[in-house]
Amino acid sequence: METARDVLAALARRYAFGDLEALIAEGTLVPDGRAKAVAPLCAFGQRVLDLDAEDFGMPEAVGEVPRDLLDRARASRMPQAPKERPRGALASLRPAYALLLEVIAIRWHRRDMAALVAAVHIASEYLPLLAWEPVLGHAGDPALIGASVNGEGSRFGVPVAPGSARECDHTRPERSACERTLRVAKEPPPGWRAYLDRQHSQVASALGDCAARCRTPCTVMTRLDGPVRAALTERCKLAAEFTDGALVKLRHAAPVGHGFGVPSPEEVEAAWARARKSLSHQPLGEAALDGADTDPYPLPGLPGLFSAIASAPIVPDTLLYDVTRRISASLR
């Protein structure tokens with residue numbers, strides 16, 4: 001016969017942090033001393049699992065989270081003020097993509113396909129910045145990006161004069177976002193947060209277009225050395241193929257907007273198989289997905305794909321796994 005402790009331990013293993021916290025809050029299943037240690041871990045774990053990046057690494061209202069876990073989460077945090085330190089996901093997106101891989105795997109094992117597809121969609125939006133990171137030296141930080149995209153001959157964020165020939169392939173929203181990213185670091189925190197919410201992903205898309213799709217490159221690209229430019233273009237083309245592929249399109253498959261159509265695990269597997277086939281048409285994609293058939297990851301080859309686009313190894317994080325271990329240890 002299962003005891004209450006067995007049930008709580010099983011919930012921890014399933015990463016059911018919200019359910020676990022709710023049961024503990026009732027005050028009958030866990031002694032007060034242990035509950036005070038477990039409740040903040042549950043709140044923290046749920047925040048990370050939900051990819052609530054703006055509050056990663058922040059104190060939890062229900063109690064104190066171990067500092068080492070908070071610091072690991074902060075590596076994926078989006079700074080909420082222009083001068084906030086550390087810079088988190090604006091310094092590097094690699095920790096965020098490692099965490100996304102862990103979250104996607106957890107959602108798969110929980111058979112939570114809606115959340116899995118949402119996480120994949122988030123990953124697709126910022127892939128161009130992951131590709132640009134080795135060139136920029138950061139992950140598109142507005143406080144630093146000007147040095148890489150400004151200057152004579154650049155059309156980055158430059159308005160198109162009425163009646164003039166259109167030489168830049170950026171859409172109007174992308175041009176607006178690019179112009180904003182060059183000045184938003186001097187705005188107050190509310191403007192900064194509004195930019196991150198609404199326009200930062202458009203800057204990522206615009207930079208991806210610069211490298212992968214632009215028909216008349218400006219000095220954003222022509223200033224780069226030939227081998228650097230060629231490698232960047234290859235990475236951004238692979239990122240664009242992933243974003244346009246079958247797996248990401250599951251996010252948009254519902255006839256009445258997002259959230260009204262939840263794919264089955266079989267549909268997710270089929271979509272990823274189609275996406276892999278398309279990605280393998282590119283030499284970098286073929287190399288990245290080599291050996292995917294023996295990859296134990298739920299979406300085989302996805303870590304290798306992210307690593308190829310980042311030009312650096314990216315493997316699934318263990319942050320949430322470590323949270324469950326500490327919860328289980330506290331319950332014993």
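**Exercise 1. Determine how exposed Cys-214 is, and whether this residue or Cys-210 belongs to a disulfide.**

Solution. Cys-214 has a relative accessible area of 25%, so Cys-214 is partly exposed. The scale used here calls a residue buried under 20% relative accessible area, exposed over 50%, and partly exposed in between (1.4 Å probe, protein chains only). The model is predicted: local features need pLDDT of at least 70, side-chain atom pairs count only at pLDDT 80 or more, and totals for chains, interfaces and linings use all residues. Residues are numbered from 1 along each chain as its sequence is written, and side-chain values use heavy atoms, with hydrogens and water left out.

Next, apply the criterion for a disulfide, which is a pair of cysteine sulfur atoms within 2.5 Å. The structure holds zero disulfides. For Cys-210, the nearest cysteine sulfur belongs to Cys-218 and is 5.9 Å away, and Cys-210 is in no disulfide. Cys-214 is likewise in no disulfide, the nearest cysteine sulfur being that of Cys-168, 6.1 Å away. Finally, Cys-210 has 11% relative accessibility and therefore counts as buried.

**Exercise 2. State how many salt bridges the whole structure contains, and describe the one between Asp-317 and Arg-72.**

Solution. Begin with the principle: side chains of opposite charge can pair when their charged atoms come close. A salt bridge is counted when a side-chain nitrogen of Lys or Arg lies within 4 Å of a carboxyl oxygen of Asp or Glu. The search of the whole structure finds 18 salt bridges.

In the pair formed by Asp-317 and Arg-72, the closest N and O atoms are 3.3 Å apart. Asp-317 lies in the loop between helix H16 (302–310) and helix H17 (319–331), while Arg-72 lies in helix H4 (residues 67–74), so the pair ties together parts that are 245 residues apart in sequence. Helices are DSSP runs (H or I, at least four residues), numbered from the N terminus. Asp-317 is partly exposed at 23% relative accessible area, and Arg-72 is partly exposed at 28%.

**Exercise 3. Classify Asp-112 and Arg-107 as buried, partly exposed or exposed.**

Solution. These two residues form a salt bridge whose closest N and O atoms are 2.9 Å apart. Asp-112, with a relative accessible area of 24%, is partly exposed, whereas Arg-107, with 8%, is buried.

**Exercise 4. Identify the network of salt bridges that includes Glu-187 and Arg-180.**

Solution. Glu-187 and Arg-180 meet through their side chains in a salt bridge of 3.0 Å, N to O. Glu-187 counts as buried at 18% relative accessibility, and Arg-180 counts as buried at 15%. The network links Glu-179, Arg-180, Arg-183 and Glu-187.

Terms used
Helices (H or I, at least four residues) and strands (E, at least two) are DSSP runs, numbered from the N terminus.
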